[in-house]
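Colleague: Before I reuse any of the labels attached to this model, I would like to go through them with you, asking each time what the label rests on.
Modeller: Then let us take them one by one, with the structure in view.

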Amino acid sequence: MLVHFFLARHSTEAFGDLSVIQFPELCLFPWCQKNGFSAGREFVCSFKGMAVLEAIALAKFYGSVPAVREVTFRLEPGQVLGYLGPNGSGKSTTVRVLTGLLQPTHGQVLFEGKDIQNNLVSYRKRLGYVPEEANLYPFLTGQEYLEMIGTLRAMSPKRMKIKISSLLELFSLFAHRHVSLGSYSKGMRQRVLLIAALMDNPDVLILDEPLSGLDVTSVLIFKNLIPAFSARGKSVFYCSHILEVVEKVCSQLLILRKGQVIAYGSADDVRRRIGQSSLERIFLQLLEDRDVVQVANEIVDVVVSPS
Ligand SMILES: Nc1ncnc2c1ncn2[C@@H]1O[C@H](COP(=O)(O)OP(=O)(O)O)[C@@H](O)[C@H]1O
Ligand SMILES: [Mg+2]
């Protein structure tokens with residue numbers, strides 16, 4: 001698997017995980033050292049176990065209100081990290097910091113060992129992002145919107161055309177490509193957002209509640225798409241408050257509560273540590289401090305009450 005890393009900064013770390021037998025390209029290392037690659041010089045080589053995306057002690061305050069506190073995780077090539085938590089737990093805030101849309105109050109986001117703030121443009125070129133709420137221009141057609149994204153991403157016109165028409169076809173939107181986004185259903189707009197995130201072949205895909213409004217067939221395609229994508233060495237940060245799909249597609253899990261990490265590790269580790277096989281039960285146990293049955297009954301009581 002080919003990845004970038006920054007030799008001077010990570011050489012010790014990376015050497016620890018390297019396997020010369022698995023990765024014959026390592027013969028490049030002595031050459032790099034001899035030729036004095038210094039901090040910040042990029043070099044392409046092979047290794048395993050190094051993070052492509054890393055959050056270090058991230059914190060984000062809105063005024064004095066903490067939305068995210070001391071969040072640390074790493075995402076390696078080929079990993080799918082499920083970032084789980086109830087509404088309001090800080091998932092979208094984390095995503096906005098990870099994509100560089102918001103500056104963290106404290107902490108850092110590293111992409112291939114470098115702070116993303118140092119070169120947001122080239123970082124974003126490697127990133128695909130499906131936001132939780134997108135303001136799609138309602139007067140543009142699906143195709144026009146994707147062409148705008150492709151142009152902003154500096155894709156070549158030929159490549160952009162091929163990718164857009166193939167992906168529109170595969171996401172069952174080709175017949176609607178000349179219809180304005182304003183008349184698309186929620187699920188159709190969500191599919192357009194997925195195409196926009198995928199069309200430039202990103203190395204890291206950041207998804208914030210990507211299934212909202214999707215039809216059953218698209219959900220099934222999505223469930224298979226994520227493992228197929230990660231099998232190509234791509235990394236996925238998958239943010240959701242719904243367990244069903246996350247449980248099936250994620251290799252790593254991080255559970256967030258009120259902006260803080262309460263469990264993080266491989267999906268199996270998280271289950272094992274908590275001692276339950278059903279992630280759903282773990283999730284409810286960790287996150288739900290309300291008696292949902294009681295609240296449901298109280299709502300009905302209020303609704304049917306004559307006063
Ligand atoms: N722009 C904002 N200004 C102030 N508070 C915000 C803003 N965005 C989110 N919050 C608050 O930060 C917390 C985390 O929100 P968010 O990151 O959207 O959580 P999630 O995506 O898990 O639902 C919530 O308490 C929310 O009300
Ligand atoms: Mg959110």
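Colleague: Which residues are around ligand 1, and what makes a residue count as near a molecule?
Modeller: A residue is near a molecule if its C-beta atom, placed from the backbone, lies within 6 Å of it, and by that criterion the residues around ligand 1 are Y62, V65, A67, G85, N87, G88, S89, G90, K91, S92 and T93. Two elements give two or more residues to this shell, namely strand 4 (65–75) and helix 3 (91–98), with the largest share, three residues, coming from helix 3. Helices (H or I, at least four residues) and strands (E, at least two) are DSSP runs, numbered from the N terminus.

Colleague: How do we know how far to trust such statements, and how the numbering runs?
Modeller: This is a predicted model, in which local features need pLDDT of at least 70 and side-chain atom pairs count only at pLDDT 80 or more, while totals for chains, interfaces and linings use all residues. Residues are numbered from 1 along each chain as its sequence is written, and chains are lettered from A and ligands numbered from 1 in the order in which they are written.

Colleague: How many residues of the shell around ligand 1 are nonpolar, polar or charged?
Modeller: The shell has three nonpolar, seven polar and one charged residues, where Ala, Val, Leu, Ile, Met, Phe, Trp, Tyr, Cys and Pro count as nonpolar, Asp, Glu, Lys and Arg as charged, and the others, Gly among them, as polar.

Colleague: Why is A57 called exposed, and E70 partly exposed?
Modeller: A residue is buried if 20 or more other C-beta atoms, placed from the backbone, lie within 10 Å of its own, exposed if 12 or fewer, and partly exposed in between. A57 has 12 C-beta neighbours inside 10 Å and therefore counts as exposed, whereas E70, with 14 other C-beta atoms within 10 Å, is partly exposed.

Colleague: What is the phi of A57, and what is that of E70?
Modeller: A57, in strand 3, has a positive phi of about 45° although it is not a glycine, and E70, in strand 4, has a positive phi of about 55° although it is not a glycine either. Most residues other than glycine have a negative phi.

Colleague: How do you know that strand 3 and strand 4 pair?
Modeller: Two strands pair if DSSP finds at least two bridges between them, and strand 3 and strand 4 have seven, in the antiparallel sense; K60, for instance, has V68 as its bridge partner in strand 4. These two strands form a hairpin with two residues between them, and G63 in the turn has a positive phi of about 65°. On strand 3 (residues 53–62), five bridges also lead to strand 6 (residues 106–111), again antiparallel, with L53 opposite F111 and A59 partnered by H106.

Colleague: Which strands are the edges of the open sheet with the order 4-3-6-7?
Modeller: Strand 4 and strand 7 (114–115) are the edge strands, since each pairs on one side only. Helix 3 packs on this sheet, touching strand 3, strand 4 and strand 6, and its direction makes about 120° with that of strand 3; contact here requires C-beta atoms, placed from the backbone, within 7 Å, and the angle, on a scale from 0 to 180 degrees, is taken between N-to-C directions of axes fitted to C-alpha atoms, for helices over the stretch in contact.

Colleague: What makes the pairing of the six-strand open sheet mixed?
Modeller: The six strands have the order 8-9-10-5-11-12; strand 5 (residues 80–84) and strand 11 pair in the parallel sense over four bridges, while strand 11 and strand 12 (residues 260–266) pair in the antiparallel sense over six bridges. L81 is partnered by Q252 in strand 11, and L253 stands opposite G265 in strand 12.

Colleague: Why is strand 11 described as mostly covered?
Modeller: Of the six residues in strand 11 (residues 252–257), five are buried.

Colleague: Which residues have the most contacts inside the largest nonpolar core?
Modeller: They are V192, I206, F237 and Y238, in a core of 54 residues; such a core is a set of buried Ala, Val, Leu, Ile, Met, Phe, Trp, Tyr and Cys residues joined through C-beta atoms within 7 Å. Helix 7 (residues 186–198) gives the largest share, six residues.

How values were computed: Two residues are in contact if their C-beta atoms, placed from the backbone, lie within 7 Å.
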